[in-house]
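Got your viewer open? Let's take a quick tour, starting at the ligand and then stepping back to the whole chain.

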Amino acid sequence: MLLNSEQIISNHRQVLDRIALAAAQYQCTPPQLLAVSKTKPASMVEALYKEGQRDFGENYLQDALEKIEQLKHLPELHWHFIGQIQSNKTKTIAEHFDWVHSVDRLKIARRLSEHRGQTIKTASGSLSALNICLQINLDGEDQKGGIAPADLPELAQQIAELEHLQLRGLMCIPKARANFDEQRQCFAQLKILQEQLNQQGLELDTLSMGMSGDLEAAVASESTMVRVGSDIFGARA
Ligand SMILES: *Cc1c(COP(=O)(O)O)cnc(C)c1O
């Protein structure tokens with residue numbers, strides 16, 4: 001069932017309140033809110049845009065491209081690709097998105113960089129490097145994408161060197177945990193990986209972690225970007 005825009009605006013405010021409350025409680029900087037609008041119509045994105053929301057996350061390319069086209073008149077609207085990346089889609093992603101959170105292979109990163117370079121050259125505007133997060137598979141789940149922590153130091157170094165990408169940080173989609181403390185411990189691992197990479201000389205400023213069900217634990221673990229879908233837009237079909 002689709003919620004109406006009044007309900008979505010009210011949900012959005014509640015999510016912002018939850019973030020602010022958790023940040024105050026755990027004495028952390030409140031993370032940015034990425035509103036995950038996958039499968040939801042452009043009109044809902046526009047309703048939140050009018051509320052000041054500027055960053056939206058999408059998983060499905062075709063669905064996203066239609067919305068991006070419909071909303072291209074809105075300035076400062078930032079699109080984040082957070083879904084699995086097929087290598088024949090890297091050109092389209094590099095052309096239409098500002099961020100990609102789900103990079104987990106060098107081959108994909110190289111293609112994104114190459115295509116972004118071509119897009120920068122032909123664009124008349126002020127396009128810059130594509131912001132990248134590396135997706136980390138913290139739970140060693142075979143069916144999920146993501147880099148094994150052991151492979152991260154070398155891969156991050158290689159991706160950081162690609163010309164038209166800006167390596168910003170790490171992202172995770174952990175499996176459900178039984179309680180807050182376990183959620184928090186899980187997110188703390190991502191924070192440690194970030195610190196290790198920064199000691200190695202990288203400059204990562206982003207931890208993309210926390211979703212509807214675990215955003216408070218992510219805030220407590222110093223998330224800089226929470227990705228919230230269903231608690232704003234309602235359940236997906
Ligand atoms: C769908 C999705 C989200 C949002 O999940 P909710 O539980 O609906 O908040 C966040 N991140 C990724 C990668 C997703 O695919």
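How do the residues of the shell around the ligand divide into nonpolar, polar and charged? The split is 5 nonpolar, 4 polar and 3 charged (Ala, Val, Leu, Ile, Met, Phe, Trp, Tyr, Cys and Pro count as nonpolar, Asp, Glu, Lys and Arg as charged, and the others, Gly among them, as polar).

Before you click on, note that this is a predicted model, where local features need pLDDT of at least 70, side-chain atom pairs count only at pLDDT 80 or more, and totals for chains, interfaces and linings use all residues. Numbering runs from 1 along each chain as its sequence is written, and side-chain values use heavy atoms, with hydrogens and water left out.

Now select the residues around the ligand (a heavy atom within 4 Å): among them are Val36, Ile82, Ile173, Met211 and Arg236.

Next, pick the polar contacts (N or O atom pairs within 3.5 Å). Lysine 38 puts a polar side-chain atom 2.7 Å from a ligand oxygen, and asparagine 59 has one 2.8 Å from a ligand oxygen. At serine 230, select the backbone instead: a polar atom there is 2.8 Å from an oxygen of the ligand.

Finally, zoom out to the C-alpha trace, which spans about 45 × 45 × 30 Å along its principal axes.

Definitions and conventions: A polar contact is a pair of N or O atoms within 3.5 Å; within protein, one must be able to donate a hydrogen and the other to accept it, and residues adjacent in sequence count only if both atoms are side-chain atoms.
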